[in-house]
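Colleague: I have a structure to read and would like some help with it. Can you put it on the screen?

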Amino acid sequence: MDPANFRSDRPDAATPPVPPPDQAGLTSSVEEPPPAPPAPAPPEEKPPWRAGRLEPMPIKKLPKAPPSVHILGPTVFLLALGVGIGESYQWPRLVLVFGPEIRWLFLVGVTLQAFVLLEMARYAMATGESIFFGAARVFKPLMWLFFVTAMAVYIWPGHVSAGAGAFEEITGIPWNITATIGLLLVGVVISMAKVIYSVLEKLLGLLIGVLVLGTSVVAAVVGSWGDLSSAITGMFHFGYFPDSMMTAAWFPTVVGACAFAGPSGMQQMWYTLHLRDSGAGMGAHIPRVRGLTHATEEETVPSRGFMFDTDDPEEMRKWKGWRTWITFDALLLFWGVTMLVTIAFTVIASAAARDNAQVSQLLLQADDDQSAALQAISNTLSSSAGAVVGTLFLGFIALIGLNATLGLFDAFSRGQSDMTYFFIPGARRFRMSHIYAAFLWAVIIFGIIILNFGPADGPSAVLDTLAFLSTFAMGAYCVVLLLVNNRMLPKPIRPGLLSNTAIALGAVFYLGMLIFSIARFGVVVG
Amino acid sequence: MLIGLLSVAGGGSVGTALVATLILGIPLAVFGALYDVLLVAGRMGVGTIAPAVAFWLPLFPLARLLNEVLADVVAGNSIALSGGVAGFLAYQALLSLGFAIGWVFLHDQLGPLWWLRVRAHNPVAALLIERYAERVDALERRRGRARKRSG
């Protein structure tokens, strides 16, 4: 029933036949020509678009864009990944520590991410290829860097434990049992799906809906006009750097929170795969990834993407339609919903801290105990606004954990299977859906083992390396975006000065803060 | 209902959960039904955000006002609104934006599932399904034309 379902279920992956040459023009010079208007010039077949040293992209038609106003779309995946513990805990905590003025950094972080979203979409919609493929077109080792980073950073199931812990507070069921069952359920749901994208889009859309609606209601019950206005006006204190922030205890935490404002790490890169599976732009010409039980129904995946004719005004008109569609996604759904949820959580945390000194004390500690602080907020809400509200708050944290698990496991498997299928020799003997399932179940089984017997966030000896890689990937993908979109796309659809400047600022923002934190304080990120 | 269940799971009493569910849930349910009536009447577009935001802008604060007043009355307290009536309503109106977006997300996904089940004996549900089907048909026709053009 959703209007976002705009692609054909069986895309025509083959290049359209070459139109036959007009024979009339060849024979007319032999026989006595009747007076007739000159024959129209034969349609020319466009040569494939050469981008880097990899296989050129055949020219195909760009589908027409759907109406720009929509609810469900690939952005729900980004919201599921992006609206996490950073929005629900880290930023509300920083507001309590440094005041609402610190939120200008959140505004900068999320706005940069909106530009990144638009630029990631530019390449994916123009070619039907992932940004990983684009990186390989520039320089293949760049792509392998992201492959290795994903394997190092995203196999650890830390995101599951926070949600399961909150669920334990509500129900008393031990967190590792809930987390194990949750992981298995995620695997089963994804494996049973006919088309994984469609099932997850609906499911995550539902969960995001509950989160947005629920946090608004709870914030409406516990907060006040003062909490809300300070949370909003704080976003416009550009350049606010309190002295207390420039310390080894807090600066790395602020850097981490900036990196985790909206989607963090490689999440934006995976978004290009969701865009492709949604059928956006030239992604309509690429088959979709199916669940394990329907893998044999998968169509043949072409060995590269496609390009449209950027010299054709009609095609460029359709391209503008797609850019309008994705701008709606970036501004209203991504930027707007991320802002709304964070403001709601900030209002909730502010109200709890106002009512209970213990909450403030827990949140103000540089070496924080996240679980204890969340429990204290819940207890305070229960006593001030009723047990319902306190329980709902923990319910939202559990929901965020479930969203992250569904979104991350799907995205990780999507990214790794994409790179494996196209770039590991011999991998194309298998179907993309089978490779996806192999990565999915590997990360689930590993996650279950680690949750029950090991460190959920990764071994403490490499935690700094993982944090470094996660933030470094964000700066690195900004550089990759600049290279891919400015060198691998035809001139008419390359980014403009504003977009390039924003992405370059992103690279400076993420890499600069990371390097400054290490050089000045000797600490990676908090 | 969800609020009530979570409250009980979280250790709240059944009575408290019931009151909490009723005093906020009933006004929101009544306004939600009005939203569907407007959809059936064609006064509201299916799956669109701006009309939903405009709809909830006055009604969410009204539901919350009823909720606060009834909660105080049930508890035997004097009625007290944080920031006064104007401040309270302005605050609720701003948060209605999040409520409206969440509402559209949920309404457009859960609603059709329910209406399909009850449409045989519920003419309003049948009309709502018709509205959604019209929209899907219109989009399919557009896609068909687009596919023909793209060869």
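What follows is a chat about helices, buried residues and salt bridges in this structure.

Colleague: Before we start, what kind of model is this?
Modeller: This is a predicted model.

Colleague: OK. How many helices and strands does chain A have?
Modeller: Chain A has 19 helices and 0 strands.

Colleague: And what share of chain A is buried?
Modeller: Of the 526 residues in chain A, 60% are buried. The accessible surface of the chain is about 19,500 Å², and 66% of that belongs to carbon and sulfur atoms.

Colleague: Let's take one helix. How many residues of helix 16 of chain A are buried?
Modeller: 35 of its 37 residues are buried, so helix 16 of chain A is largely enclosed by the rest of the structure.

Colleague: What span should helix 16 of chain A have, at 1.5 Å a residue?
Modeller: The expected span for residues 387-423 is 54 Å, and the end C-alpha atoms are 54 Å apart, which agrees.

Colleague: Now helix 10 of chain A. Which residues are buried there?
Modeller: In helix 10, residues 225-233, the buried ones are Asp227(A), Leu228(A) and Ala231(A). Seen down the helix axis, the buried residues of helix 10 of chain A fall within an arc of 95°, so they line one face.

Colleague: Why would residues three or four places apart point the same way?
Modeller: An α-helix has 3.6 residues a turn, so residues with that spacing point the same way.

Colleague: What do the buried residues of helix 10 of chain A pack against?
Modeller: They pack against helix 4 (103-127) and helix 13 (313-355) of chain A, and also against helix 4 (84-118) of chain B.

Colleague: Next, Ile208(A). Buried or exposed?
Modeller: Ile208(A) has 1% relative accessibility, so it counts as buried. Ile208(A) is in helix 9 of chain A, residues 196-222.

Colleague: What is Ile208(A) in contact with, leaving aside neighbours within four places in sequence?
Modeller: The contacts of Ile208(A) include Leu79(A), Val337(A), Asn403(A) and Phe105(B). Leu79(A) is 129 residues from Ile208(A) in sequence, but their C-alpha atoms are 7.5 Å apart in space.

Colleague: Something on the surface now. Which residues make the nonpolar patch?
Modeller: Phe167(A), Ile173(A), Ile177(A), Ile181(A) and Leu185(A) make a nonpolar surface patch of about 430 Å². Helix 8 of chain A, residues 175-192, gives the most to this patch, with 3 residues. Ile177(A) lies in helix 8 of chain A, and at 41% relative accessibility Ile177(A) counts as partly exposed.

Colleague: Switching to charges. How many salt bridges does the structure hold?
Modeller: There are 16 over all chains. In one of them, the side chains of Lys46(A) and Asp309(A) meet at 3.4 Å, N to O. That pair links distant parts of the chain, 263 residues apart: Lys46(A) is in the loop between helix 1 and helix 2 of chain A, and Asp309(A) is in the loop between helix 12 and helix 13 of chain A.

Colleague: Are Lys46(A) and Asp309(A) buried or partly exposed?
Modeller: Lys46(A) counts as partly exposed at 31% relative accessibility, whereas Asp309(A) counts as buried at 18%.

Colleague: How far apart are the N and O atoms of Arg276(A) and Asp418(A)?
Modeller: Those side chains meet in a salt bridge at 2.9 Å, N to O. Arg276(A) is in helix 12 of chain A and Asp418(A) in helix 16 of chain A, 142 residues apart. Arg276(A) counts as buried at 6% relative accessibility, and Asp418(A) counts as buried at 0%.

Key:
Residues are numbered from 1 along each chain as its sequence is written. Chains are lettered from A and ligands numbered from 1 in the order in which they are written. This is a predicted model: local features need pLDDT of at least 70, side-chain atom pairs count only at pLDDT 80 or more; totals for chains, interfaces and linings use all residues. Side-chain values use heavy atoms; hydrogens and water are left out. Buried means under 20% relative accessible area, exposed over 50%, partly exposed in between (1.4 Å probe, protein chains only). Helices (H or I, at least four residues) and strands (E, at least two) are DSSP runs, numbered from the N terminus. The arc is that of the directions from the helix axis to the C-beta atoms. Contact means heavy atoms within 4.5 Å. Patches are made of residues with over 30% relative accessible area and no salt bridge: like charges are joined within 9 Å, nonpolar side chains (Val, Leu, Ile, Met, Phe, Trp, Tyr) within 5 Å. Accessible areas come from the Shrake-Rupley method with a 1.4 Å probe; for residues, only the protein chains shown count as cover. A salt bridge is a side-chain nitrogen of Lys or Arg within 4 Å of a carboxyl oxygen of Asp or Glu. The expected span of a helix is 1.5 Å times one less than its number of residues.
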